[in-house]
Amino acid sequence: MSGPATTGSEADTGLLDSLAAAVYVQDAYGRIARVNARAEEMLGRPAAELLGGDPHELLHRNPDGTRLPRPNCPLLQAFLAGETVLLDGCQWFARGDGGLLCVGGLSVPYQVDGAPGGAVVVFFEQPPEQAHEPADAANVAALTDLADRLTMVAETTAVLTSTLDLDESLKRLVRLVVPRLADWAVVDLLEEQNSLRRVAVVHHVDGRHVRVDELAGPMPPVLESSRMPLSSVLRGAAPRIVSPEDYAGPPDSGVAVQQREMFRAIGMRSAVIAPLRGPGKVLGALTLVRTAQQKPFDAAELALVDDIARRAGLAVDNAQLYERQRRVAETMQRHLLPPLPHVEGLEMTVRYHPAPHASRVGGDWYDVFRLPDGKTALVIGDVVGHDLQAAACMAQVRNMLRALAWEHAEAPSVTVDRLDRALVHISDVQLATMILAQVERAGDWLLRWTNAGHPPPLLVHDDGRVCFLEQETADPVLGTELAPPRTDFVRTLPPRSTVVFYTDGLIEARGLPLSEGLAQLAGFAAALADRSLDEFCDQLISRALYAANEDDVALLALRVPGDG
């Protein structure tokens with residue numbers, strides 16, 4: 001829950017605002033992350049004044065209004081220790097108008113993935129003269145139950161909003177609710193063309209969460225005419241509690257048949273079915289089932305499950321949106337990174353490794369194409385960024401470069417100079433690095449290239465000797481509007497040698513000096529000199545790619561034949 005605190009969505013505040021008690025939720029850093037309307041009213045402070053603040057500094061006071069020393073504050077001590085505390089006597093809170101409020105209440109910690117996640121503080125106003133009377137046991141039990149429910153809601157929000165992976169979201173969801181609320185959890189999702197799939201059936205047994213895959217899979221269609229609980233909820237009806245009696249009569253749809261068979265197979269005593277709602281639509285349903293637990297679900301638990309399901313629905317919607325964007329990105333990447341042409345006598349291969357935490361498409365690219373004069377152009381480049389915007393800019397650079405290189409039979413430096421002068425006027429590209437090379441056979445194989453701010457090519461001899469093909473600093477990057485003079489380099493390629501063009505993600509990582517990254521790349525390449533070109537590239541990326549790398553990686557390698 002790092003980052004600035006926010007009010008969250010309507011699903012985050014719906015349950016809190018329905019409570020008669022005042023509530024604020026602290027995140028793992030002790031800041032106020034949520035506050036309900038009753039707390040705003042009692043404290044005389046708007047949410048905007050409270051969110052992101054330290055509750056001890058904002059609220060906790062001595063009876064005379066002075067700030068309560070931190071070692072003397074029971075709420076702060078409970079938060080730091082991760083303990084539950086019942087407020088005995090008066091805990092004085094500062095109001096927005098300068099007055100003081102005597103409150104009682106309870107603070108309960110919650111966890112996120114086994115680590116401290118924060119605390120939920122439930123409080124109410126009480127007259128100072130009654131503050132030292134013994135607390136009524138029933139009231140304490142009710143307050144404790146409320147705090148437990150609120151901590152579960154807070155955990156749900158924190159856990160489900162920290163991932164965009166759908167499978168991981170569902171795994172976290174069932175672990176939150178089973179066995180705390182039920183013995184079984186079932187998740188059904190509506191897919192394309194409104195088809196229904198049971199994606200998770202999980203049982204808690206012997207301290208473990210066990211997936212029961214034989215009960216999962218495709219489901220019959222949801223009929224408009226069906227009035228059975230699951231079909232009704234999937235069409236947008238309110239959540240409901242069900243019992244075996246609800247399925248005692250004849251089923252009115254295929255969905256009802258499968259639901260009844262599942263309930264009978266697992267021995268359902270009581271269940272809750274709640275919709276998973278996204279913005280403006282129902283995405284699926286969450287079914288919680290009690291089999292070993294004797295107590296049936298009640299109205300308070302129904303409201304709690306509904307609130308959890310609303311949050312889960314938003315997490316599912318976000319995960320599905322991310323997955324759609326990822327598929328679009330991968331399709332775009334396949335079209336932007338073309339297949340290689342066949343060049344007689346040359347071996348060539350390419351690799352692309354997406355950024356680990358982006359949309360699986362980025363600004364790194366390669367290109368190989370034949371020129372009218374028979375030479376072969378090779379390009380490796382990197383546009384700033386690793387998202388769809390970077391990919392769009394990369395496509396602009398790639399297409400402009402192809403047109404310029406095809407139209408003008410010039411040295412690489414002249415072509416790149418034309419490109420650089422055009423970019424700032426007719427593209428959205430801000431900064432980019434690039435190597436444009438030409439390879440041709442004139443007796444020996446000849447490589448000619450120019451470098452605009454890119455890492456230098458690596459030459460690997462067949463006997464394992466390696467060297468970077470540039471010792472001096474590369475020419476400036478593209479997009480600076482400086483129009484510097486650019487240099488062409490020429491090298492005769494020894495027989496059976498390999499030239500490696502790559503982007504900086506292969507040699508850079510947080511805390512790693514660039515010189516060390518280059519040295520390690522050269523060492524790995526030397527050890528792989530005798531491998532086939534495909535194995536060479538696979539192993540080079542596997543060995544050189546750092547765990548701390550946050551960038552995408554493109555690699556283009558060519559190998560010239562031996563003598564004769």
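**Close-up views of a predicted model**

**View 1. The hairpin of strand 15 and strand 16.** Five residues sit between the two strands of this hairpin, and one residue to look for is Gly 374, with a positive phi near 95°. Keep in mind that this is a predicted model. Strand 15 and strand 16 (residues 376–383) run antiparallel and share seven bridges. Two of the pairs are handy landmarks: Arg 370 has Thr 376 as its bridge partner, and Tyr 366 is matched with Ile 380.

**View 2. Strand 16, its two faces and its other neighbour.** On its other pairing, strand 16 is held to strand 17 (residues 432–442) by eight bridges, again antiparallel. Leu 378 finds its bridge partner in Ala 437 of strand 17. Which residues of strand 16 point one way, and which the other? Thr 376, Leu 378, Ile 380 and Asp 382 go one way, while Ala 377, Val 379, Gly 381 and Val 383 go the other, and all are buried. That fits the usual pattern, since side chains in a regular strand alternate between the two faces of the sheet. Eight of the eight residues of strand 16 are buried, so the rest of the structure largely encloses this strand.

**View 3. The five-stranded sheet.** Zoom out a little and strands 15-16-17-18-21, in that order, make up an open sheet with antiparallel pairing. The edges belong to strand 15 (364–370) and strand 21 (489–493), each of which pairs on one side only. On average, neighbouring strands here are turned by 20° against each other, ignoring direction.

**View 4. Leu 419 and the largest nonpolar core.** This core counts 51 residues, and Leu 419, Leu 447, Phe 501 and Leu 558 have the most contacts inside it. Helix 11 (residues 388–407) is the top contributor, giving nine residues. Leaving aside residues up to four places away in sequence, Leu 419 touches Val 397, Met 400, Leu 401, Leu 404, Met 434 and Leu 478. A separate core of 42 residues lies apart from this one, and includes Leu 302, Leu 304, Val 305 and Ala 309.

**View 5. The whole chain, and a stretch to treat with care.** The chain has 14 helices and 23 strands, and 52% of its 564 residues are buried. Its average pLDDT is 85, with 88% of the residues scoring at least 70. Residues 1–11 are another story: their pLDDT is below 50, although the stretch has 27 contacts in the model beyond near neighbours in sequence.

Conventions:
Residues numbered from 1 in each chain as written. Predicted model: local features only at pLDDT ≥ 70, side-chain atom pairs only at ≥ 80, totals over all residues. Heavy atoms only, no water. Helix = DSSP H or I, 4+ residues; strand = E, 2+ residues; numbered from the N terminus. Buried < 20%, exposed > 50% of the residue type's maximum accessible area, 1.4 Å probe, protein only. pLDDT = per-residue confidence, 0-100. Contact = heavy atoms within 4.5 Å. Core = buried A, V, L, I, M, F, W, Y, C linked by side-chain atoms within 4.5 Å. Pairing = 2+ DSSP bridges. Axes fitted to C-alpha atoms, helices over the stretch in contact; angles between N-to-C directions.
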